Amino acid sequence: KEIYIFKEVMSTNTVAKFFAENKVSDGTVIISEKQTNAKGRSGKPWDSPLGGVWLSIILNPRIDYSKLPMITLATGVAVAKTLERLGIEDVEIKWPNDVLINGEKVSGILTEAIAKFNTIESIIVGVGLDVNLDLSDFSDDLQGKITSLKVITGKEFDENDIIRTFLEEFEKICKLFIDGEYENVLNQWRKRSYTIGKIVEVRKPYNKTYDGYVTGINKEGALIVEKIDGTLEKVVSGECIIKN
Ligand code: BTN
């Protein structure tokens, strides 16, 4: 596998997109020590100074759109297992992609698809993990919304070690995915779910906001939300705010 390491880029996802458009091999990894214009979900900025793990992986799978959400879930499992291998307990995943320790977010995933004529050509999986950051490293916008391994555990970690472990876990879960072991991937996610069993507010772009109870995730990785009137909704994208 090819791994490109940069000192500073605007966003590893942007670099990865450029690489993907110029045909690189499946599994190519882009890592940067710092990002100056990193992207979070829903167009939000993402702080990426020195001290974190910021990377993007380019995948060229032959999958259809319905499998896309599951790639994000699988990546969340790989991040969670990486943290567990560091000896960290109480690791959970908040749907779709936030990895939490003791209920506090330390990692986010931004999956982007490059499609031509309605078929997926490449997928960019961007992973950010706040490792040796202090709370003062986060911008005002992210204060209170995110923390780091150092803040939670009081210890510093070797970023390269974490990257190695994560790439191993990512490869393992990708293998399951390729072998069609979707239920296995989903069960690993369910086991660590922070969201199942909670009351949530679902916000989708251009749609009305509604509240409901999360009963689980289905075989496509969509969240199943039972509304107050008893009807079931499938949520594949959008924001999901936990209310209890
Ligand atoms: C989130 O909002 O939770 C997703 C954050 C994703 C951040 C990562 S850092 C590496 C990659 N490059 C980016 O610009 N974003 C992702």
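# Loops, strands and buried side chains

Trainee: In which loop does Asn-102 lie?
Mentor: The model is predicted, so to speak of local features needs pLDDT of at least 70, side-chain atom pairs count only at pLDDT 80 or more, and totals for chains, interfaces and linings use all residues. Residues are numbered from 1 along each chain as its sequence is written, and side-chain values use heavy atoms, without hydrogens and water. Helices (H or I, at least four residues) and strands (E, at least two) are DSSP runs, numbered from the N terminus. On that numbering, Asn-102 lies in the loop between E5 and strand E6 (104-116).

Trainee: What is the phi of Asn-102?
Mentor: Asn-102 is a residue other than glycine. Its phi is nevertheless positive, near 45°.

Trainee: Phe-117 is not a glycine either; what is its phi?
Mentor: Phe-117 lies in the loop that follows E6 and leads to strand E7 (119-130). The phi of Phe-117 is positive, at about 50°.

Trainee: Does Phe-117 count as buried or exposed?
Mentor: The classes rest on relative accessible area with a 1.4 Å probe and protein chains only: buried is under 20%, exposed over 50%, partly exposed in between. Phe-117 has 83% relative accessibility, so the class is exposed.

Trainee: Which residue is joined to Trp-95 by a cis peptide bond?
Mentor: The bond has an omega of about -5°. The partner is found in the loop between strand E4 (91-94) and strand E5 (98-101). That partner is Pro-96.

Trainee: How many helices and strands are there in the protein?
Mentor: The loops above already name E4, E5 and E7. For the protein, the count is 5 helices and 12 strands.

Trainee: What radius of gyration does the protein have?
Mentor: The globule rule is 2.2 Å times the number of residues to the power 0.38, and the radius is taken over C-alpha atoms. With 244 residues, a compact globule would come out near 18 Å. The C-alpha atoms fill a box of roughly 55 × 45 × 35 Å along the principal axes. The value for the protein agrees with the globule rule: 17 Å.

Trainee: What percentage of the contacts with a separation of 6 or more comes from residues 24 or more positions apart?
Mentor: A contact means heavy atoms within 4.5 Å. Of the 244 residues, 49% count as buried. The share of such contacts from residues 24 or more positions apart is 61%.

Trainee: Which residues does Thr-75 touch, not counting those up to four places away in sequence?
Mentor: Thr-75 lies in helix H2 (residues 68-85). With 0% relative accessibility, Thr-75 counts as buried. Its contacts are Ile-109, Val-125, Val-127, Phe-166 and Phe-170.

Trainee: Which residues does Ile-163 touch, with the same exclusion of residues up to four places away?
Mentor: Ile-163 is in helix H4 (residues 159-178). Its relative accessible area is 11%, so Ile-163 is buried. The residues touched are Ile-31, Val-53 and Leu-55.

Trainee: What is the relative accessible area of Arg-62?
Mentor: Arg-62 sits in the loop between strand E3 (52-59) and H2. Its C-alpha atom is separated by 15 Å from that of Val-125, 63 residues apart along the chain. Arg-62 is exposed, with a relative accessible area of 85%.

Trainee: Which residue in E2 stands opposite Glu-8?
Mentor: Two strands pair if DSSP finds at least two bridges between them. Strand E1 (residues 3-9) runs parallel to E2, with 6 bridges joining them. Strand E2 (residues 28-35) has 6 of its 8 residues buried, so E2 is largely enclosed by the rest of the structure. Opposite Glu-8 in E2 stands Lys-34.

Trainee: Which residue in E12 is the bridge partner of Glu-201?
Mentor: Strand E8 (residues 199-203) pairs with E12 in the antiparallel sense over 4 bridges. Along strand E12 (residues 239-242), Cys-240 and Ile-242 point to one face and are buried, whereas Glu-239 and Ile-241 point to the other and are not. The partner of Glu-201 is Ile-241.

Trainee: Which residue in the turn between E10 and E11 has a positive phi?
Mentor: Strand E10 (residues 223-227) and strand E11 (residues 232-235) run antiparallel, joined by 4 bridges. In E11, Lys-234 is the bridge partner of Ile-224. The two strands form a hairpin with 4 residues between them, and the residue with a phi of about 90° is Gly-230.
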